[in-house]
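Visitor: Could you pick a single part of this model and give me a close look at it? I'm happy to hear cut-offs along the way.

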Protein chains: 2
Amino acid sequence: MRQSELFGKTSKTSEGSATSANHDLLVRAGFADQLMAGVYSYLPLGWRVLNRISDMVREEMGAIGGQEIFLPALHPKENWQKTGRWDSMDVLFKVKSRTESEYALGPTHEEVIVPLAKKHISSYRDLPRAWYQIQTKFRDELRAKAGLLRGREFLMKDLYSFHASAEDLKSYYEKAKGAYTKVFKRCGLDAIIAEASGGSFTKEYSHEFQVATENGEDVIFACACGFAQNKEIAKVRAGDACPHCGTPVKELKTIEVGNIFDLGAKFSKDFGLKFTDESGKSKEVIIGCYGIGISRLMGAIVEVHHDEHGIIWPQEVAPFAYHLVSLGDDDEVYEQSEKVYEQLSKDGKEVLWDDRREASNAEKLADADLIGIPTRLVISPKTKGKIEAKKRGAKESKLVSNI
Amino acid sequence: MRQSELFGKTSKTSEGSATSANHDLLVRAGFADQLMAGVYSYLPLGWRVLNRISDMVREEMGAIGGQEIFLPALHPKENWQKTGRWDSMDVLFKVKSRTESEYALGPTHEEVIVPLAKKHISSYRDLPRAWYQIQTKFRDELRAKAGLLRGREFLMKDLYSFHASAEDLKSYYEKAKGAYTKVFKRCGLDAIIAEASGGSFTKEYSHEFQVATENGEDVIFACACGFAQNKEIAKVRAGDACPHCGTPVKELKTIEVGNIFDLGAKFSKDFGLKFTDESGKSKEVIIGCYGIGISRLMGAIVEVHHDEHGIIWPQEVAPFAYHLVSLGDDDEVYEQSEKVYEQLSKDGKEVLWDDRREASNAEKLADADLIGIPTRLVISPKTKGKIEAKKRGAKESKLVSNI
């Protein structure tokens, strides 16, 4: 794509409302725009990153048998009354129609998927099943802050798994853990798996995937041996002996990028989701639920991967692989650049070409650092027909003849 | 994908709430589920079709310079007050937060994209621009009916174009017409371009893309010469002489699958979206708006392409290219089928394999007709190591050795 045509101008100055590195950098670099607190528009660069993340999540969910579906945001009030959450969930947005029908704006989808599952699961032969979607969620947060980390409207992947027994759920739960670890690794994040409470969702156990960073809103106590607990449930404090290995545990500020829950039979009971087992006995289906905040994940990546000049995108989630930057105003430079641009595009390599002749060299180089595409390719009168290639974040560059 | 694992059981009986062929067939064939009037969940087969349509739309929007973005569903009340539509648009869903903030649930996105454009367009050098999204829209319809044809929540592609002059808009408008015609053709639909009123959006002209079908809710008067007008603005009636060629015009029931509007400077005035032209003069940006109902389009395709046995998907939007059906209970049949399934998958051909051993032959063949995948491949004891290939809707089949 030619940068002269790209929707998303960069800005040198931070917005007053920017309270976090991810908001500041994503808005200044033209990836996102804040419509109001906790609600963002995604411009082409940001939408490309979100799609990279989504496609990666799809791959890993497919690898553990997940089938993709798409559920509505408007939910009938009755479904939420059946689970008791119409009144108990404080972040639930409620909508009234002209004809006085009431709806919930989905903050999660147990109230929709469990009744739907009831139409398609009746026998042990229909189990196990795993269905997921990537869809917009709504939560009436009192304080939406920290950029994409806590939104009123955000993109989420939610997978629901259905099992004939608690043992079968447990084995799938471990598989999901592995898939989640892969997703975060591919996003350039080391996620710590921390034990947590089930929250308002369940009395059973749950695990959170936590990424350590100074701007995190969560606190966990963790040990290098693998032990980690959310502060909310932890019985240890910083410096206490790790209950697994005895080493003193550390206190870390973190961002929760994913969570997995054992919902047990709670929702199956609410909606009467039962199956007939091999011996003809009717039993409740056991359900697991697995979330990844797709837009929050983009924010977390920026929190972890940036420097004073801008974002440093990990390869797999970068909006483009190459940022081709033409410096100066020589026709020869632009002719050479166009050839390189066409060749890279022909080779299926994704490249953003800064072809703006009216912008200064300093502006272009600052923009490249701000946008943070992994490999910068500079063509200027000084490169004399060659290309100066430099990794974002690296000090050294090298002159090459072709890419 | 193996049908034994597919989320989406078929059903022989129609739902009581089915008031149209598209609802009846899409629900019975396991593509969609009605959560409530005008609100549907999409199961894997339906979600695949919607993605096929979306990807095709992306291709054609990209070909006319459209850049993909993603805008929020929650809109600030003030933006809708600025355009006067907070009070005037009857289908607007309104949401109140715990802290008494009021939002609109986006039925369209002029109120979000125009203020956003203001941050990125200031000079004639920033024009023209074309930005689009594929996103969920909400409309508080009094009577949501006809399946996917009129929903309270639906998927829509909306593109907005920004121009320095009415002439430039006009030339882009014609390009968009061409792109739309291509989209509908690729969906297997002959869309008639009908003149229409601007509705509540504009006093300028607009065009609708109308597909003739008995279940259509719209009425147009059309002539083979290309003349077509929506009944709402038509000055002719059935049998009157066509104002272009004199031939008697026909009255047709239709489904509106797309529409394009010249919005003029209306929204630019509301939000102060101006640019500086070559001579340094400040002018209002001229805006066009172009919609395709993605989920409605899926409904329209089913209305046009079905018979008494089920859906007949046009090739480009089919959920799978091949439906491999194994009949009987012979191990040899399933061994041969598995080889064919693996080979097709390896070749990158998308195939749904009906591997259900507990289902009867009649049930499997009826399901294949109901689901409507373009090519059915039957393997049975009778095909003796070969494959019986049949196009959906065709009478003849032929025995082949490989695909």
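Guide: Let's look closely at one helix, α9 of chain B, and then step back to what surrounds it.

A bit of bookkeeping comes before that. Residues are numbered from 1 along each chain as its sequence is written, and chains are lettered from A and ligands numbered from 1 in the order in which they are written. This is a predicted model, where local features need pLDDT of at least 70 and side-chain atom pairs count only at pLDDT 80 or more, while totals for chains, interfaces and linings use all residues.

Now for the helix. α9(B) covers residues 331-346, 16 in total (helices are DSSP runs of H or I with at least four residues, strands are runs of E with at least two, and both are numbered from the N terminus). From first C-alpha to last it reaches 22 Å, close to the 22 Å expected at 1.5 Å a residue; the expected span is 1.5 Å times one less than the number of residues.

Which of its residues are tucked in? B:V333, B:S337, B:Y341 and B:L344 are the buried ones. Buried means 20 or more other C-beta atoms within 10 Å of the residue's own, exposed means 12 or fewer, and partly exposed is in between, with C-beta atoms placed from the backbone. Looking down the helix axis, the buried residues fall within an arc of 70°, so they line one face of α9(B) (the arc is taken over directions from the helix axis to the C-beta atoms). That face packs against β19 (322-326), β20 (351-354) and β21 (375-379) of chain B. Over on the other side, B:D331, B:E332, B:E335, B:K339, B:E342 and B:K346 are exposed. Just after the helix, B:G348 takes a positive phi of about 80°.

Stepping back to the packing of the model, the largest nonpolar core holds 220 residues, and A:V257 and B:V257 touch the most other members. A core here is a set of buried Ala, Val, Leu, Ile, Met, Phe, Trp, Tyr and Cys residues joined through C-beta atoms within 7 Å. Apart from neighbours within four places in sequence, B:V257 has contacts that include B:F184, B:F209, B:I292 and B:L297; two residues are in contact if their C-beta atoms, placed from the backbone, lie within 7 Å. There's also a second, separate core of eleven residues, with A:A196, A:I220, A:V249 and A:L252 among them.

Then there's the partner chain. Lay chain B on chain A and you get an RMSD of 0.0 Å, using a turn of 180° and a shift of 0.0 Å along the axis, which is the relation of a two-fold axis. The fit is least squares on C-alpha atoms of residues with pLDDT of at least 70 in both copies. In chain B, B:V95 has the C-alpha nearest the axis, 2.7 Å from it.

Where the chains meet, 38 residues of chain B are in contact with 38 of chain A. Among the elements of chain B giving two or more residues to that side are β1 (32-36), α2 (44-63) and β5 (93-96), while β2(B) gives the largest share, four residues. By class, this side of chain B has 23 nonpolar, six polar and nine charged residues (Ala, Val, Leu, Ile, Met, Phe, Trp, Tyr, Cys and Pro are nonpolar; Asp, Glu, Lys and Arg are charged; the others, Gly among them, are polar). And 100% of the interface residues of chain B are also interface residues in chain A, so the copies meet through the same surface.
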